[in-house]
Amino acid sequence: MTQPQPWKPGTATAIGSMPGTDPLETTRIVAGELPELTPMPELPARGVGGDMLGRTAGMLPDLAVEVVPSGYRVARTAGRDQRRAVDLLRWDLDALEEVTAADTEPRLIKLQVAGPWTLASGIELERGHRVLTDHGALRDFTEALVEGVREHAALVAERTGGRPLLQLDEPTLPAVLSGELPTPSGYGTVPAFPEPEVQRLLEYTIDRLGEAVARPVIVHCCAARPPVRLLRRAGAGALSLDAGTLEACSEEFAEEVGEVIDAGISVLLGMVPTSEPRREASLRELVEPVRAFVTKLGFSERVLAEQVVPTPTCGLAAASPGWARRALELTGGLGRMLPERFPEN
């Protein structure tokens with residue numbers, strides 16, 4: 001049975017990042033093209049504090065980061081880099097409040113933050129090791145993530161009148177599990193973490209954050225082989241995947257995705273390319289690989305209307321402004337098309 005979700009049939013959304021540096025103009029575009037499930041835009045082109053890690057670090061209470069040649073590092077006190085991350089987040093919230101001021105009913109607003117493993121992988125301790133290599137630091141960062149995101153979600157709800165949902169971005173998770181995450185020096189790798197340990201921390205984070213936002217908590221992983229079964233066992237209420245990973249995938253991976261569909265869990269599927277193709281595909285061409293995959297697993301095509309939410313294949317930060325907007329238009333078109341072409345009843 002399909003699990004109930006807060007969004008309507010025909011909903012589409014985006015991963016989160018967009019090109020450019022103007023939060024107000026970008027938020028207007030995103031809110032207009034994706035009104036049913038509006039992602040709060042991220043603008044990495046603004047530099048320090050505008051990317052996924054810096055933006056999330058700006059939410060962490062009592063923890064600060066600074067930029068060093070190898071990336072983000074824990075700082076003893078909040079300096080210029082931390083203040084910039086906080087300022088950028090505040091300006092983004094100002095833009096979101098202005099754009100949603102005319103809403104006549106609560107809007108679903110998707111917030112994107114780095115998940116606990118990606119956050120702890122991407123920030124170094126003062127002595128130069130990654131946060132996830134120190135159990136105490138990993139615990140402290142996870143607690144700060146939970147507290148900071150809960151406060152951020154409450155502020156979004158208060159300022160916009162909307163209903164926040166949460167997307168945990170975990171692009172680094174497969175490398176954490178496989179032992180392929182390089183050390184900051186680049187001369188070695190961080191030892192693999194056992195699946196039960198990874199699952200426990202994710203489960204704790206999802207449970208705590210799920211108390212503060214509208215369910216489901218979405219987990220996004222854009223890796224070629226996302227750990228789908230682990231994410232589902234950790235309590236992810238919806239998964240965000242690149243539909244390209246379904247083409248010519250292994251039987252094992254197809255089985256994992258099939259288990260998700262069979263459990264009635266929604267899947268945000270990246271069907272629209274993030275860079276402008278030589279020839280723009282029609283909506284039917286964009287959805288065909290997903291339709292073929294679903295029917296090959298033995299499911300009715302109705303699951304495309306019941307459980308699939310179209311998205312671009314990943315973030316649009318590297319796209320041209322023109323294509324980014326067109327990608328959102330196509331994504332919205334896919335969302336409207338699915339319940340029409342594959343009706344639930």
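This talk goes through the internal cavity, the aromatic pair, one helix and several backbone features of the structure.

Good morning, colleagues. Please bear in mind throughout that the model is predicted.

I begin with the interior. How many cavities of 30 Å³ or more does the structure hold? There is one, and its volume is about 90 Å³. The lining includes Leu-246, Val-257, Ile-261, Ile-265, Val-267 and Leu-269. Val-290, Phe-293, Val-294, Val-303, Gln-307 and Val-308 also belong to it. Three elements give two or more residues each to this lining, namely α9 (251–262), β9 (266–272) and α10 (283–296). Of these, α10 supplies the largest share, with three residues. Sorted by class, the lining has 11 nonpolar residues and one polar residue, and no charged residue is present.

I turn next to aromatic contacts. A search of the whole structure gives one aromatic pair. The partners are Trp-117 and Phe-193, with ring centres 5.1 Å apart. Why is the pair described as edge-to-face? The planes of the two rings meet at 65°, and an angle over 60 degrees places a pair in that class. The pair links distant parts of the chain, since its members are 76 residues apart. Trp-117 belongs to helix α4 (residues 116–122), whereas Phe-193 sits in the loop between α6 (173–178) and α7 (195–210). Are these two residues buried or exposed? Trp-117 is buried, at 0% relative accessibility, and Phe-193 is likewise buried, with a relative accessible area of 11%.

The third topic is helix α5. This helix covers residues 135–160, which makes 26 residues. From its first C-alpha to its last it reaches 37 Å, close to the 38 Å expected at 1.5 Å a residue. What is found at its two ends? At the start, a side-chain oxygen of Asp-134 comes to within 2.9 Å of the backbone nitrogen of Gly-136. Just after the helix, Gly-161 adopts a positive phi of about 75°.

I now come to backbone geometry in the loops. Arg-215 and Pro-216 are joined by a cis peptide bond, with omega at about 5°. Pro-216 is located in the loop between α7 and β7 (217–220).

Another loop, between α2 (52–57) and β2 (64–68), contains Asp-62. Although Asp-62 is not a glycine, its phi is positive, at about 65°. The relative accessible area of Asp-62 is 79%, so this residue counts as exposed. Leu-63 lies in the loop between α2 and β2 as well. With 22% relative accessibility, Leu-63 is classed as partly exposed. The C-alpha atoms of Leu-63 and Val-74 are 7.6 Å apart in space, for a separation of 11 residues in sequence.

Finally, I draw attention to Arg-46, in the loop between β1 (38–39) and α2. This arginine is buried, because its relative accessible area is 11% and the limit for burial is 20%. Which residue does its side chain contact? The partner is Asp-92, and the side chains of Arg-46 and Asp-92 are joined by a polar contact of 2.8 Å.

To close, I return to two points. The cavity lining is made up of 11 nonpolar residues and one polar residue. The aromatic pair brings together Trp-117 of α4 and Phe-193 of the loop between α6 and α7. Thank you for your attention.

Note on methods:
Residues are numbered from 1 along each chain as its sequence is written. This is a predicted model: local features need pLDDT of at least 70, side-chain atom pairs count only at pLDDT 80 or more; totals for chains, interfaces and linings use all residues. Side-chain values use heavy atoms; hydrogens and water are left out. On a 1 Å grid over the protein atoms alone, a cavity is a set of points where a 1.4 Å probe fits but cannot get out, and a pocket is an open set with protein on both sides within 12 Å along at least five of seven lines; lining residues have an atom within 4 Å of a point. Grid points are joined across faces, edges and corners, and a volume is the space filled by probe spheres set on the points. Helices (H or I, at least four residues) and strands (E, at least two) are DSSP runs, numbered from the N terminus. Ala, Val, Leu, Ile, Met, Phe, Trp, Tyr, Cys and Pro count as nonpolar, Asp, Glu, Lys and Arg as charged, and the others, Gly among them, as polar. Rings of Phe, Tyr and Trp (its six-membered ring) pair if their centres lie within 6.5 Å; planes under 30 degrees apart count as stacked, over 60 as edge-to-face and the rest as tilted. Buried means under 20% relative accessible area, exposed over 50%, partly exposed in between (1.4 Å probe, protein chains only). The expected span of a helix is 1.5 Å times one less than its number of residues. A polar contact is a pair of N or O atoms within 3.5 Å; within protein, one must be able to donate a hydrogen and the other to accept it, and residues adjacent in sequence count only if both atoms are side-chain atoms.
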